[in-house]
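Biologist: Could you take me through one part of this model up close, starting with a helix and what packs around it? I'd enjoy a connected account that then moves on to other spots worth a look.

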Amino acid sequence: MEPMPRVQPATTGRPRARDLGLAIGHIGTGPLDAITDVPGVRVGHTTVRRDPEVHTGVTAIVPEAVGPRTPLPAGVFTGNGYGKLIGTTQLSELGVVETPVLLTSTLSAFRVADALVGWMLERPGCEEVRSLNPVVGECNDGLLSDIRARPVHEEHVRAALDGASGGPVAEGCVGAGTGTAALGFKAGIGTASRTPDLGGRRVTVGVLVQANFGGTLRVLGRAVTPRTLGLTGAPGPVAETGSCMVVVATDAPLDARQLTRVARRAVFALARTGAAYSHGSGDYAVAFGTRPPAGVPVADAELSPLFEAVLDAVEEAVLNSLLAATTTTGFGGRTVPALPVDRLLTALGRDADAM
């Protein structure tokens with residue numbers, strides 16, 4: 001199976017949330033409304049697809065120059081720990097990330113971590129490194145993909161890392177989101193950004209989600225189900241299954257403790273979208289800063305605008321992941337439908353022709 005070293009932004013013709021007038025909150029976005037609005041952050045995807053059995057992949061979030069000798073401050077928060085977030089304990093203990101953050105399928109997470117270690121050891125400056133802590137998150141895409149085949153291999157990981165770039169980020173059925181579904185619909189990768197004022201200066205915060213969780217979708221506070229949109233009989237993750245990985249990047253000069261507070265808000269934000277936080281859901285957020293704090297850190301009392309920005313960005317990123325995804329038939333003949341844009345707008349009382 002040949003890797004796809006560069007996956008450009010999806011050209012499905014499906015709109016993002018803001019294209020439909022579905023703006024979340026009042027804080028402005030970065031120019032791309034993506035995690036790559038944060039300076040120095042790149043994203044790469046490798047999609048692994050073999051119809052109809054395999055729909056999976058790997059997504060790499062790559063901060064510039066990160067490494068064991070040049071770690072970045074970071075925090076992690078677990079909303080529900082039914083998952084395999086590799087590297088959690090050292091990240092929590094030391095408050096830093098020293099590798100890119102990778103996302104993939106549950107049973108491929110361990111192969112991905114091993115490949116990430118190999119890739120890092122080859123980086124300039126790592127010639128004498130004897131220990132490093134790979135950070136790899138996962139979601140279970142077994143509804144649509146043959147997860148037991150563990151089809152993600154080293155070449156796919158390296159392609160995602162080497163192909164990571166700034167600019168627009170592909171969303172929906174791509175990379176680690178190729179086989180995921182959320183809230184009764186086909187989902188995948190989604191991203192968004194915000195530019196709040198923090199302590200008298202403008203900062204950027206960007207998020208990327210791998211959406212694969214159960215619950216009832218809420219759009220601008222209104223419940224939306226496959227049944228209400230006329231998609232009867234369509235399978236999707238029930239409340240007892242699924243997970244969500246959220247990665248947050250910011251150029252705000254925060255320390256690890258403050259970034260952990262940011263990560264908490266990223267998981268809290270999933271409730272706005274209708275997440276069930278059930279027994280079988282692994283809900284995690286990793287937040288890292290691209291600018292280590294120098295001198296006096298930002299006062300905690302000044303963080304509220306950043307917290308609000310993260311809540312809004314995560315909500316919008318989940319919605320983008322749903323809007324960008326396309327109907328997929330996968331393993332076992334199971335089909336998960338895309339969120340139908342016209343029917344969604346009708347349910348929200350909006351005129352699709354006016355968009």
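Modeller: Happy to! Let's start with the surroundings of helix H3: the cover over its buried residues includes strand S1 (41-50), strand S2 (54-63), strand S5 (101-105) and helix H2. Please keep in mind that this is a predicted model. The residues of H3 that count as buried are His156, Val157, Arg158, Ala159, Ala160 and Leu161.

Of those neighbours, H2 deserves a closer look. H2 spans residues 109-121 and H3 spans residues 154-162, and the two pack with their axes 9 Å apart at an angle of about 55 degrees. Because of that angle, H2 is oblique to H3. The crossing between H2 and H3 is right-handed. On the H2 side, the contact is made by Val112, Ala115, Leu116, Gly118 and Trp119, while H3 brings Glu154, Val157, Arg158, Leu161 and Asp162. Sorted by class, the contact of H2 with H3 has six nonpolar, one polar and three charged residues. Val157, Arg158 and Leu161 therefore turn up twice in this picture, as buried residues of H3 and as part of its contact with H2. As for the spacing along such a surface, an α-helix has 3.6 residues a turn, so residues three or four places apart point the same way.

A second helix pair makes a good companion to this one. Helix H4 (residues 256-273) and helix H5 (residues 304-324) have axes that come within 8 Å and cross at roughly 45 degrees. That angle makes H4 oblique to H5. H4 passes H5 in a right-handed crossing. From H4, the residues involved are Arg261, Val262, Arg265, Ala266, Phe268, Ala269, Leu270, Arg272 and Thr273; they meet Leu306, Phe307, Val310, Leu311, Asp312, Val314, Glu315 and Val318 of H5. By class, the contact of H4 with H5 has 11 nonpolar, one polar and five charged residues.

Staying with H5, let's pause at Asn320, which is found in this helix. Asn320 has a relative accessible area of 1%, so it is buried. Leaving aside residues up to four places away in sequence, Asn320 touches Arg16, Ala17, Asp33, Glu171 and Thr191.

From the helices we can move to a strand residue, Gln210, which is found in strand S12 (residues 205-213). Gln210 counts as buried because its relative accessibility is 0%. Its side chain has two backbone oxygens to point out: that of Thr104, which the Gln210 side chain reaches at 3.1 Å, and that of Ala176, which lies 3.0 Å from a polar atom of the Gln210 side chain. Thr104 and Ala176 are also among the residues that Gln210 touches, and others include Leu103, Glu138, Cys139, Thr180, Gly188, Ile189, Ser243, Cys244 and Met245. Gly177 is 33 residues from Gln210 in sequence, yet their C-alpha atoms are 5.9 Å apart.

Our last stop is Thr328, in strand S17 (residues 328-329). With a relative accessible area of 9%, Thr328 is buried. A polar atom of the Thr328 side chain lies 2.9 Å from the backbone oxygen of Thr326. Beyond residues up to four places away in sequence, Thr328 touches His55, Leu144, Cys173, Lys186, Arg334, Thr335 and Val336.

Conventions:
Residues numbered from 1 in each chain as written. Predicted model: local features only at pLDDT ≥ 70, side-chain atom pairs only at ≥ 80, totals over all residues. Heavy atoms only, no water. Helix = DSSP H or I, 4+ residues; strand = E, 2+ residues; numbered from the N terminus. Buried < 20%, exposed > 50% of the residue type's maximum accessible area, 1.4 Å probe, protein only. Contact = heavy atoms within 4.5 Å. Polar contact = N/O pair within 3.5 Å; in protein donor to acceptor, adjacent residues only side chain to side chain. Axes fitted to C-alpha atoms, helices over the stretch in contact; angles between N-to-C directions. Parallel < 35°, antiparallel > 145°, perpendicular 65-115°, else oblique. Left-handed = near helix turned anticlockwise from the far one by under 90°. Nonpolar A, V, L, I, M, F, W, Y, C, P; charged D, E, K, R; others polar.
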